[in-house]
Amino acid sequence: MPDATVQHFRWDEIELEKVTEMISRKIVTGDREMLAQIYLKKGALVPIHQHEAEQMTYILQGALRFLVGGEETTVREGEVLLIPSNVPHQAEALDDTFELDVFSPIRQDWIDKTDDYFKR
C-alpha cells in the first residue's frame with residue numbers, strides 16, 4: 001500500500017495571498033493537483049499566459065471573460081471552463097468574481113512566487 005498522508009484543510013485557516021491590487025488567492029496543494037480559491041475585483045485582468053497544468057475553473061459568483069487559444073468565451077456562476085495544458089489564455093472579471101481553480105500537475109510557479117505574468 002502506498003505511503004500516503006491524509007490531510008484536512010480549512011479555507012478560513014489558509015492565508016489570503018494578495019497577487020495584485022485586484023486579485024487574491026488561497027491555495028491547497030497535493031502531490032499532483034492544486035486547488036485554488038481566487039477572488040477577482042471587477043475589471044481585474046489575468047494577462048495572457050500558459051502552463052503545463054490542465055486547468056478547470058468553476059465560477060461560484062460573478063463572471064469571467066476568457067480568451068483561450070484565440071477564442072473568447074464568458075463563464076458565469078455555476079459554470080466550469082476546462083483549459084487544456086499549454087494553451088495560451090487570459091481572463092477578465094466582468095463582475096466581482098469568486099472562483100475555484102483546479103490544476104494538474106501543480107503550479108510550481110505559484111508556490112515559488114515566480115508567476116510574474118500577473119505583473120505585466
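R65 has a relative accessibility of 29% and therefore counts as partly exposed, since that class lies between under 20% for buried and over 50% for exposed. The model in which this value was computed is a predicted one. R65 forms a salt bridge with E92, and the closest N and O atoms of the pair are 3.1 Å apart. Because R65 belongs to strand β6 and E92 to strand β9, the pair ties together parts of the chain that are 27 residues apart in sequence. E92 is also partly exposed, at 27% relative accessibility.

The backbone joins the two strands as well. Strand β6 and strand β9, residues 89-93, pair in the antiparallel sense over five bridges. One of the facing pairs is V68 with H89, the latter being in β9. Strand β6, residues 63-68, is also joined to strand β7, residues 71-76, by six bridges, and these two run antiparallel. Here F66 has T73 of β7 opposite it. The hairpin of β6 and β7 has two residues between the strands, and G69 takes a positive phi near 55° there.

A separate description applies to the open sheet. This sheet has six strands in the order β1-β2-β3-β10-β5-β8, with antiparallel pairing. Its edge strands are β1 (17-18) and β8, each of which pairs on one side only. Strands of a sheet pair through backbone hydrogen bonds, either parallel or antiparallel. Within this sheet, β3 and strand β10, residues 97-104, are antiparallel and share seven bridges. L35 stands opposite V102 of β10.

What do the strands contribute to the interior? The largest nonpolar core has 22 residues, and those with the most contacts inside it are I23, L40, V46, F66, W110 and F118. The elements that give two or more residues to this core are β3 (34-40), β6, β8 and β9. Of these, β3 gives the most, with four residues. In soluble globular proteins, nonpolar side chains tend to be buried together. L40 shows what surrounds one core residue: leaving aside neighbours within four places in sequence, L40 is in contact with M22, I23, V46, L64, A93, D95, D96, T97 and E99.

Some nonpolar side chains are instead at the surface. M56, Y58, V80 and L82 make a nonpolar surface patch of about 370 Å². Strands β5 (54-61) and β8 (80-83) are the elements that give two or more residues to this patch. L82, located in strand β8, has a relative accessible area of 48% and so is partly exposed.

The salt bridges come to a count of eight. The pair of R65 and E92 has already been described. E21 forms another with K18, with the closest N and O atoms 3.0 Å apart, and both E21 and K18 are exposed. D109 forms a salt bridge with R107, the closest N and O atoms being 2.7 Å apart. R107 has a relative accessible area of 3%, so this arginine is buried. In addition, E17, R25, K113 and D115 are joined into one network by salt bridges that share partners.

The remaining points concern loops and backbone angles. R32 lies in the loop between β2 (23-29) and β3. Its relative accessible area is 68%, so R32 is exposed. Not counting residues up to four places away in sequence, R32 touches F103, S104, P105 and I106. The C-alpha atoms of R32 and E72, which are 40 residues apart along the chain, are separated by 29 Å.

Two of the residues that R32 touches, S104 and P105, are linked by a cis peptide bond with omega near -5°. P105 is found in the loop between β10 and α1 (108-112).

Most residues other than glycine have a negative phi, and most peptide bonds are trans. N86 has a positive phi near 65° and is not a glycine. N86 lies in the loop between β8 and β9, and with a relative accessible area of 44% this residue is partly exposed. K113 is not a glycine either and has a positive phi of about 60°. K113 lies in the segment after α1 and belongs to the salt-bridge network with E17, R25 and D115.

Methods:
Residues numbered from 1 in each chain as written. Predicted model: local features only at pLDDT ≥ 70, side-chain atom pairs only at ≥ 80, totals over all residues. Heavy atoms only, no water. Patch = residues over 30% accessible without salt bridge, like charges linked within 9 Å, V, L, I, M, F, W, Y side chains within 5 Å. Areas by Shrake-Rupley, 256 points an atom, 1.4 Å probe, with all protein chains shown as cover. Salt bridge = Lys/Arg side-chain N within 4 Å of Asp/Glu carboxyl O. Buried < 20%, exposed > 50% of the residue type's maximum accessible area, 1.4 Å probe, protein only. Pairing = 2+ DSSP bridges. Core = buried A, V, L, I, M, F, W, Y, C linked by side-chain atoms within 4.5 Å. Contact = heavy atoms within 4.5 Å.
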